[in-house]
Each structure stands twice: as C-alpha cells, then as structure tokens.
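Please open the model in your viewer and keep the selection tool at hand. The tour goes from one selection to the next.

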Amino acid sequence: MTQALKKNMSDTTGYAEEDLRALEEKYCSYGDTVHYMEKPKFFSSCEGSYLYDAAGTPFLDLQMWYSAVNFGYRNPRLNAVAHRQLDTLPQVASQYLHREKVELAALIAQDAERKFGLKGRVHFNVGGAQAIEDSLKLVRNYTGGKSLMFAFEGGYHGRTLGASAITSSYRYRRRFGHFGERAQFIEFPYHFRGPKGMSKEEYGHYCVQKFARLFETEYNGVWDFKAKKAEYAAFYVEPIQGTGGYVIPPLNFFSELKKVLDQYGILMVVDEIQMGVYRTGKLWSIEHFGVKPDVIVFGKAITNGLNPLSGLWAREEMINPTIFPPGSTHSTFASNPMGTSVALETMKMLEEEDFETQVAQKGARFLDGIRELQKKHKIIGDVDGLGLALRIEVCKKDGFTPDKEMMDWIAEEGMKADMVVNGKKHGLVLDIGGYYKNVITLAPALTISNDEIDLALRLLDELFTRAEKR
Ligand SMILES: Cc1ncc(COP(=O)(O)O)c(C=O)c1O
C-alpha cells in the first residue's frame, strides 16, 4: 500500500466497525445481495488488484466488482480524467451537449462501423439493466411492439422488471408478477454439463438445430407460415455467459445461430455488459464469433466502475431520429459528464495500448495455472477461459456433481485473510456464479501482473488444499 493511500485512510474518521454493523442492520435494506454472506466484509481502500480492510490487510481481488474495474482500482490515468472533469464540467442537464458525450459516441460507432461494416448510433444510460430496458424499447419499437424475446438458459440481463423478464432465473421475478416482456429460454451449449459423446462444436450445432426446429411447423408456437412472421422480436445473448458461470460456447455457435435468426427476421441483441471492454481480449466478446450484431449493450468497465455509465449501440435502421425521435426515452443522469469523460479516456487508452495481446498472454498464464490446480485437486471439475474471463467449477470428489456448499465455504475462507505469503497475511476475493452456484467466476484486473497471477494461483491452491482437508 502506498504512503499516500495510508495517509488518506488515516484521515477518515467515524464509527467503529461494530457500530456501523448495528446501523446497517437497522437502516439498510437487505434487498441487495450483501446478506448472502453471514458477516459481510467492510473495506476501506483499494489500489490496483487489491482491496484493503481498515487494518491494511491486502485482499487480492479476482472478481473486480463483477468485472466493472477491468483496469485496476484507482487507475491513475482514468482517475486523473475524473478529477479534471470534476473541476471543469461535472454536471450538465441531458438536454444540452458536452464534448465528451459526442466524442465517445463517435468512437464507439466508428469502431462498430470498422468491425461490422454497419452504420449505427449510441444511446447512453447509467446502469446495465437500464440500458437493457432501452434496448427493449428499441426492439419493441422497431418490430411493431412485439414483447416476446428469446434468451438463454443461464442468461442474466439485470434486475429491473424488463431485464429480469428476459433473465433465466424465475427467482428474480417470483415476487413481482409479470409486467410486459416474456422470454422463451433456449438451451446454451454448456459443454461440461451437456450430453455425453458430443464435441464442443457438435453440441453448439445441436443447440442451434434444436432452436431452428421451433420454426419448422406453426405448431411449435413461434412462426406464422402464412404471414411469414415470428411472434418473437429478438434473441438476447451473452456471448460468454457471465452470472451463468463464465460458460464459453464453441466458436461456430453464434454464426450458425445468426443464420437462423436472419432467416426468420429475428434481431440479435448482444449483452456485453460483463464480457465487453476487453474482459475476453476484445472490445466486444462477440468479435470472437464473426457475426454482425443488431444491438450491443454495454456498461460496467467502460468507466472502470468509476462513475456509472451504460449504453447501447444499434444499427441505424433501428435508432435513426425518425424511428426513435427525441423523448423516446430519458434519464436525468444518462450521458452524465463524469461518466462520459472517463469512458472516453477508457476508449482512447484501449486504442493506444495493446490490451488484446496482454489479455491473451495473461489469460493463457492464468489458465495454465488453474489447469495445474485441476490436476492436483479432485474437487475441481472443469476449468476454462477466454482472455481473462476464467472459470473453476467446484464439484464433489467425482469431479462432476456440483458442490455449492463447498463453493460457499471456499469463498468465505478466502475472506478470512489468514493465508500467509512472504510473511504477510492475504485475503482472496472471489465471486460465485453458475447454473448450480458452484463456479468461481474469475475476473481479475486486466492490468494484473504476472507476480499477482502467481500469487492468485498460490492462494487458490491453499484454499483448495484446505477445502479437501475439511
Ligand atoms: C451480462 C449482464 N447484463 C446485465 C447486467 C446488469 O447490469 P447492472 O447490474 O449494471 O444493472 C449484468 C450485471 O452483472 C450482467 O452481467
């Protein structure tokens, strides 16, 4: 920890931790995910790949705020821009313009034009789910009000009413009733848990064929042969499933799926909120799959998690001012200058530095390391990775039966921060995902050093050794 950070921490005063805990119990809603843990941890500061508690204990973070802080905590370049913006134009109503918004939209749209050969525009909002809501409006508007969507089993698109309607977990909808959107959930090629005897590519092909079958006869419920129209407007896809457990489909999958969608006039909306901004080594993870999306939705790491900004890019036909005129949607903080200025700097940084190579190299080193751990620990059922989106599936000793209880134990054990390396205690911050909530979804900072990757592997090894001795 740097001296400056130590000084800033000692400057903050206030309640003792136990008093804060009592206040939290009484005054904070439990509706978020904080109380999944028995005793949620308080953190006091952060830097690079680390979070620190009040005592200054380092916790190596392998989830980075659910992949919002891709460029490391308190990234100097991005923080400097935030400070500058704070001192020039931190606030301005959305009905006026500011330079950063326009430049950012232009950079994103020009990039898409280069990569996909498609003209389009960008619309901003503040959170991932809100941008998903905006995309639903665009899709419904463009398709004459259709409110039925396809989405994937294991997919996650956020917790607002519309976003949770197209998210696969009924758990997120159960208390609230139906609002408008409904989705039909389609099998995703989750190869480790797919049918035995098929290669990854064969399974991807099988899933597409199974989906295409829906259009074979009108009796499968989605296609009117006479009108040649589908009842469904769009397919919402995460190229690599995030909350679903960093599931990586075969590379033939989306091009085959897109052919079917094009045949039946169904749009492809690509949710890049978690996997975008170089998590997988590309600006958009869909770039690995060679398809042209109709809509891309982004959020999280576009500002390194500094000031919320999300948004979407859509094909010109769907978003031009005639079809999507002023007032079609609005949010006070959409395109806020703090967010757009940092996001603009992120995009410039991505143009100047070769994150594609760096992420591929670091990802390969990390994946090799977790493959070694898999050989050593029977309870690691599956490992996989694309760039720095990596997965470790925690199972019973048969290496297959999901072990959620063990997964929870490992995550809690990491938070104890009693693992001594080089004479110093360390904690390890892990996130849990997966269809069976038994997957460590690893999203380290893209700026992680090789030494930190080696430390991460050492700490994971220690946790798995302890887990197997329980
Ligand atoms: C793929 C995906 N879509 C949408 C969301 C929702 O974003 P937010 O939590 O910012 O509303 C998330 C959040 O984790 C996500 O991973």
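The stops below are the ligand, the nonpolar core and one residue of a helix, all in a predicted model.

**The ligand and its shell**

Select the ligand, then add Gly127, Gly128, Ala129, Tyr156, His157, Gly158, Glu238, Asp271, Ile273, Gln274 and Lys300, which surround the ligand. By class, this shell has three nonpolar, five polar and three charged residues.

Now pick out the polar contacts. At glycine 128, a polar backbone atom is 2.9 Å from an oxygen atom of the ligand. Glutamine 274 instead brings a polar side-chain atom, 2.8 Å from a ligand oxygen. Lysine 300 also places a polar side-chain atom 2.8 Å from an oxygen atom of the ligand. On its own the ligand has 390 Å² of accessible area, and the protein covers 80% of that.

**The nonpolar core**

Next, select Phe215, Phe254, Phe366 and Ile370. In the largest nonpolar core, which has 108 residues, these four touch the most other members. Then select residues 450–469, helix H14, which gives nine residues, the largest share of this core. Where does the core lie with respect to domain 1 and domain 2? Colour 3–74 + 355–469 as domain 1 and 82–352 as domain 2: both give residues to the core, so the core lies between them.

**Alanine 467**

Stay on helix H14 and select alanine 467, which is part of this helix. Is alanine 467 buried or exposed? Its relative accessibility is 2%, so alanine 467 counts as buried, the cut-off being under 20%. Last, add isoleucine 410: the C-alpha atoms of alanine 467 and isoleucine 410 are 6.7 Å apart, while 57 residues separate the two in sequence.

Technical notes
Residues numbered from 1 in each chain as written. Predicted model: local features only at pLDDT ≥ 70, side-chain atom pairs only at ≥ 80, totals over all residues. Heavy atoms only, no water. Near = heavy atom within 4 Å. Polar contact = N/O pair within 3.5 Å; in protein donor to acceptor, adjacent residues only side chain to side chain. Areas by Shrake-Rupley, 256 points an atom, 1.4 Å probe, with all protein chains shown as cover. Nonpolar A, V, L, I, M, F, W, Y, C, P; charged D, E, K, R; others polar. Core = buried A, V, L, I, M, F, W, Y, C linked by side-chain atoms within 4.5 Å. Buried < 20%, exposed > 50% of the residue type's maximum accessible area, 1.4 Å probe, protein only. Helix = DSSP H or I, 4+ residues; strand = E, 2+ residues; numbered from the N terminus. Domains from an automatic or database assignment.
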